[in-house]
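Subject: Structure for your files

Hello,

Here is the structure I said I would pass on. My notes on it follow below.

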Amino acid sequence: MFHRVLLVGFMGSGKTRVGRALAQRLGWSFHDFDEEIEARAGLSIPEIFRRHGEEFFRRMEEEVGKEALQARRAVLASGGGWPVAPGRLEELGPDTFSVWLKVTPEEAVRRAAAEGVGRPLLAVDDPLSRARALLAEREPFYGKAHAAIDSTEAGPEELAREIEDLMNERWNNS
Ligand code: S3P
């Protein structure tokens, strides 16, 4: 069986919620890249961006990602920007099942505002245009995941069930 599941997708696509639900279903541990970065830095993501800049954040993200990808029986939720580097998803290796949670830019912006969690990349005058542009840039990277499912309508439990089925299917056909 796969050793881990990695969820990728845009901000607000539900990676954390779905990841928690899936980890519970599977009886696996859950690792959220952003939470780990915040714990290590002792700062919130917006504070890290403000004080140290995006590049510093990306370096921490790379390090946290590398470590998380060693975990077994684990569900991982990356940040929205983690897959956006050449080879990130292509080089995961055979033990990791990757899933792209798809969301529309409209819904992503709506959720980001409702959740009130700071997303420095969307803290601009026109977040919707920003989200559209970023998503267009990132889709080719997210698209390298083994599977893609639409998270715009469905809730975390339903999505977690779907991902478990997709994972088993892929494993049985491999
Ligand atoms: C980012 C997404 C955020 C967080 C940071 C940068 C991005 O994570 O890592 O604000 O580049 O898309 P979520 O996708 O969990 O919101």
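Around the ligand there are 13 residues, and those that come nearest are Lys15, Asp34, Arg58, Arg119 and Arg138; a residue is taken as near a molecule or strand if one of its heavy atoms lies within 4 Å of it. The model is a predicted one, in which local features need pLDDT of at least 70 and side-chain atom pairs count only at pLDDT 80 or more, while totals for chains, interfaces and linings use all residues. Residues are numbered from 1 along each chain as its sequence is written, and side-chain values use heavy atoms, with hydrogens and water left out.

The polar contacts of the ligand include two to side chains: one ligand oxygen atom is 2.7 Å from an N or O atom of Lys15, and an oxygen atom of the ligand is also 2.7 Å from a side-chain N or O atom of Asp34. With Gly81 the partner is a polar backbone atom, 3.4 Å from a ligand oxygen. On its own the ligand has 380 Å² of accessible area, of which the protein covers 95%. (A polar contact is a pair of N or O atoms within 3.5 Å; within protein, one must be able to donate a hydrogen and the other to accept it, and residues adjacent in sequence count only if both atoms are side-chain atoms. Accessible areas are Shrake-Rupley values with a 1.4 Å probe; for residues, only the protein chains shown count as cover.)

Arg138 also belongs to the buried set of helix α6, together with Ala131, Leu134, Leu135 and Tyr142. Buried means under 20% relative accessible area, exposed over 50%, and partly exposed in between, with a 1.4 Å probe and protein chains only. Helices (H or I, at least four residues) and strands (E, at least two) are DSSP runs numbered from the N terminus. Helix α6 covers residues 127-142 and bends by about 35 degrees at Ala136, with Pro140 following within four residues; the bend is the angle between axes fitted to the seven residues ending at a residue and the seven starting there. What do the buried residues of α6 pack against? They pack against β1 (4-8), α4 (54-68), β4 (96-102) and α5 (105-115).

Two residues of α5 are worth listing. Pro105 is in this helix and is buried at 16% relative accessible area. Leaving out residues up to four places away in sequence, Pro105 touches Leu128, Ala131, Arg132 and Leu135, where contact means heavy atoms within 4.5 Å. Arg111, also found in α5, is buried at 15%. With the same sequence exclusion, Arg111 touches Gly12, Ser13, Gly14, Val103, Ser151 and Thr152. In the loop between β4 and α5 sits Thr104, which is partly exposed at 33%.

On aromatics, the count is 5 pairs. Phe49 and Phe57 make a tilted pair, 4.9 Å centre to centre with 40 degrees between the planes. Phe49 is buried at 15% relative accessibility, and Phe57 is buried at 3%. Trp100 and Tyr142 have ring centres 5.8 Å apart and planes at 45 degrees, so this pair is tilted. That pair links distant parts of the chain, Trp100 in strand β4 and Tyr142 in helix α6, 42 residues apart. Phe2, Phe97 and Trp171 are linked into a cluster by ring pairs. (Rings of Phe, Tyr and Trp, the last by its six-membered ring, pair if their centres lie within 6.5 Å; planes under 30 degrees apart count as stacked, over 60 as edge-to-face and the rest as tilted.)

Regards
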